[in-house]
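Visitor: I've got a model open and a pile of labels to go with it. Could you walk me through how each label is earned?

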Amino acid sequence: MTDDARFTGEEEGFSDPDLLIGWGLTADSDLLCWYADGDDPNDWTTILWRRHWSGPEAWMQFD
């Protein structure tokens with residue numbers, strides 16, 4: 001799933017696709033990822049890629 005998240009990140013314009021760790025899918029096949037931008041996993045945020053959206057608006061970040 002992480003490979004899919006990183007590939008999608010590269011294809012869909014996410015700023016740091018190498019920092020995505022895929023961990024789930026929604027019923028609509030949206031990707032759920034952690035944004036591993038630090039050493040402590042407790043500080044990572046969740047990233048949602050919405051399949052039916054395009055551009056930067058397809059990416060949502062949750063603390």
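Visitor: Where does Ser29 sit?

Guide: Ser29 is in the loop between strand E1 (20–25) and E2. Bear in mind that this is a predicted model. E1 and E2 form a hairpin, with five residues between them.

Visitor: What makes the phi of Ser29 worth a remark?

Guide: Its sign: Ser29 has a positive phi of about 65°, yet it is not a glycine. Most residues other than glycine have a negative phi. Gly13, just after H1, also takes a positive phi, of about 80°.

Visitor: Why is Ser29 called partly exposed?

Guide: Its relative accessible area is 37%. Buried needs under 20% and exposed needs over 50%, so Ser29 at 37% falls in between.

Visitor: How do you know that E1 and E2 pair?

Guide: Pairing takes at least two bridges, and five bridges join E1 to E2, which run antiparallel. Leu25, for one, has Leu31 in E2 as its bridge partner. E2 and E3 are also antiparallel, over five bridges, with Tyr35 opposite Thr45 in E3.

Visitor: What makes E2 "mostly covered"?

Guide: Four of its five residues are buried. Trp34 of E2 is partly exposed, because its relative accessible area is 36%, above the 20% limit for buried.

Visitor: Which residues make up the largest nonpolar core?

Guide: There are ten: Ala5, Phe14, Leu20, Leu31, Cys33, Tyr35, Ile47, Trp49, Ala58 and Trp59. Strands E2 (31–35) and E3 (45–49) each supply at least two of them, and the largest share, three residues, comes from E2. To count, residues must be buried and joined through side-chain atoms within 4.5 Å. Trp49 passes the burial test because its relative accessible area is 11%, and Trp59 counts as buried at 12%, both set against the limit of under 20%.

Visitor: What does Tyr35 touch beyond its neighbours in sequence?

Guide: Leaving aside neighbours within four places, Tyr35 is in contact with Phe14, Asp16, Leu19, Leu20, Trp44, Thr45, Ile47 and Gln61.

Visitor: How many aromatic pairs are there in the whole structure?

Guide: Five. One of them is Trp34 with Trp44, 6.5 Å centre to centre and 50° between the planes.

Visitor: Why is that pair of Trp34 and Trp44 called tilted?

Guide: Stacked means under 30 degrees and edge-to-face over 60, so planes at 50° make the pair tilted. Trp34 lies in E2 and Trp44 in the loop between E2 and E3, so the pair ties together parts ten residues apart in sequence. Trp49 and Trp59 are likewise a tilted pair, at 6.3 Å and 45°. Trp49 is in E3 and Trp59 in E4 (residues 59–62), so here too the tied parts are ten residues apart. Ring pairs also link Phe14, Tyr35, Trp49 and Trp59 into a cluster.

Visitor: What puts Arg50 over the face of Trp53?

Guide: Arg50 is 3.6 Å from the ring centre, against a limit of 6 Å, and the label also requires a position within 35 degrees of the ring normal.

Visitor: How do you know that the buried residues of H1 line one face?

Guide: In helix H1 (residues 2–11), Ala5, Thr8 and Gly9 are buried. Seen down the axis, the buried residues fall within an arc of 105°, so they line one face. On the other side, Asp3, Phe7, Glu10 and Glu11 are exposed. The buried residues of H1 pack against E1, E2, E3 and E4.

Key
Residues are numbered from 1 along each chain as its sequence is written. This is a predicted model: local features need pLDDT of at least 70, side-chain atom pairs count only at pLDDT 80 or more; totals for chains, interfaces and linings use all residues. Side-chain values use heavy atoms; hydrogens and water are left out. Buried means under 20% relative accessible area, exposed over 50%, partly exposed in between (1.4 Å probe, protein chains only). Helices (H or I, at least four residues) and strands (E, at least two) are DSSP runs, numbered from the N terminus. Contact means heavy atoms within 4.5 Å. Rings of Phe, Tyr and Trp (its six-membered ring) pair if their centres lie within 6.5 Å; planes under 30 degrees apart count as stacked, over 60 as edge-to-face and the rest as tilted. The arc is that of the directions from the helix axis to the C-beta atoms.
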